[in-house]
Amino acid sequence: MKNTALITGASSGIGKELARIHAKNNGDLILVARRLNLLESLKAELENKYSIQVIIIELDLTEKDAVTNLIDSIKQKNITINYLFNNAGFGGYGDFVEREIKQDLEMIQLNVTALVELTHGIANQMIENGGGKILNTASTAGFLPGPLQATYFATKAFVVSFSQALNQELRSKKISITALCPGPVQTEFIAVAGMSKSKMFQRAKSAEYTANKGYNAMMNDKLICISEPSLNFLINYMLWMVPRRMVLKMVDRMQRIH
Ligand SMILES: NC(=O)c1ccc[n+]([C@@H]2O[C@H](COP(=O)([O-])OP(=O)(O)OC[C@H]3O[C@@H](n4cnc5c(N)ncnc54)[C@H](OP(=O)(O)O)[C@@H]3O)[C@@H](O)[C@H]2O)c1
């Protein structure tokens, strides 16, 4: 395989668009998600259109040993990963104490634990192979606490922090890590998070727009990519001036759907 990208959460939304962009750039792909039928049709679409090879892996990344087995199978097949897209993730709406704790623990398992384990395994392989690039899909949710999506916002704060620290650690080893931080994006995320009635997504960007921003930022070794200019301005120049309690009230109001 050549110029190979491993993409988690490639069956829909941002991950699917990242796969399309990489294929257009003549790169081979390893696509991971749970829904095999969607991965199969994406593989067919991309192999028909471009001279590339696509491997699909049906995998629930929250299952015990899933990531370990994924890393081992890549090693056994002697595949060199040049690009890693840690993109799979989901959110969940509601008062924390009223939510099923199982769902929030699964969210931490996917958004945080699987991402950390996969980054560790693939970054080590990249070091052996002389370098690589990693794009972690975080969120603008990673820059502020999120009442009514408390666990989700916290998982993305982890991804923003973790990605920046590793960027510094791995610079000298020719590995770049970029955190993609989108605002609302029109994907299945909205329904999965139980937020179909939320007004927040009325002006959501497309998955294609967001994936392009992230892909270009990764290629240019950027540290953070806040994919919407207006949110970039708010987060970098305004947020720090607003009292914390006011931020909490604003986020609560923005998210409330009833
Ligand atoms: N949409 C937004 O407003 C928004 C904003 C900021 C950040 N993000 C982040 O963007 C990333 C991509 O989300 P999206 O918006 O593109 O939503 P999406 O369309 O729901 O995509 C999520 C992807 O993750 C995969 N996935 C979910 N659970 C999985 C599991 N247990 N094991 C393996 N794969 C799993 C899904 O595939 P299967 O169901 O086939 O497994 C799907 O391919 C997420 O990390 C999300 O937090 C989204």
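**Asking why: a predicted model and its ligand shell**

Me: What makes up the shell around the ligand, by class?
Reply: The shell has 15 nonpolar, 13 polar and 4 charged residues. Keep in mind that this is a predicted model. Gly counts as polar here.

Me: Which residues come nearest to the ligand?
Reply: There are 32 residues around the ligand, and Gly-9, Gly-13, Arg-34, Arg-35 and Gly-89 come nearest. Two elements, α1 (13-24) and α6 (189-192), each give two or more residues to the shell. α1 gives the most, with 3 residues.

Me: Why is the chain called as compact as a globular protein of its length?
Reply: Set the value against the rule. The globule rule gives 18 Å for 258 residues. The radius of gyration of the chain is 18 Å, close to that, so the chain is as compact as a globular protein of that length. The chain holds 9 helices and 7 strands. Its C-alpha atoms fill a box of roughly 50 × 40 × 35 Å along the principal axes.

Me: How do you know how far helix α5 should reach?
Reply: Take 1.5 Å times one less than the number of residues. Helix α5 (residues 150-170) has 21 residues, and 30 Å is expected. From first C-alpha to last, α5 reaches 30 Å, close to that expected span.

Me: What makes a residue of α5 buried, and which ones are?
Reply: A buried residue has 20 or more other C-beta atoms within 10 Å of its own. In α5 the buried residues include Tyr-152, Phe-153, Val-159, Phe-162 and Leu-166. The buried residues of α5 pack against α4 (101-128), β5 (132-137) and β6 (175-181). Across the chain, 41% of the 258 residues count as buried.

Methods: Residues are numbered from 1 along each chain as its sequence is written. This is a predicted model: local features need pLDDT of at least 70, side-chain atom pairs count only at pLDDT 80 or more; totals for chains, interfaces and linings use all residues. Helices (H or I, at least four residues) and strands (E, at least two) are DSSP runs, numbered from the N terminus. A residue is buried if 20 or more other C-beta atoms lie within 10 Å of its own, exposed if 12 or fewer, and partly exposed in between; C-beta atoms are placed from the backbone. Two residues are in contact if their C-beta atoms, placed from the backbone, lie within 7 Å. The radius of gyration is taken over C-alpha atoms; the globule rule is 2.2 Å times the number of residues to the power 0.38. A residue is near a molecule or strand if its C-beta atom, placed from the backbone, lies within 6 Å of it.
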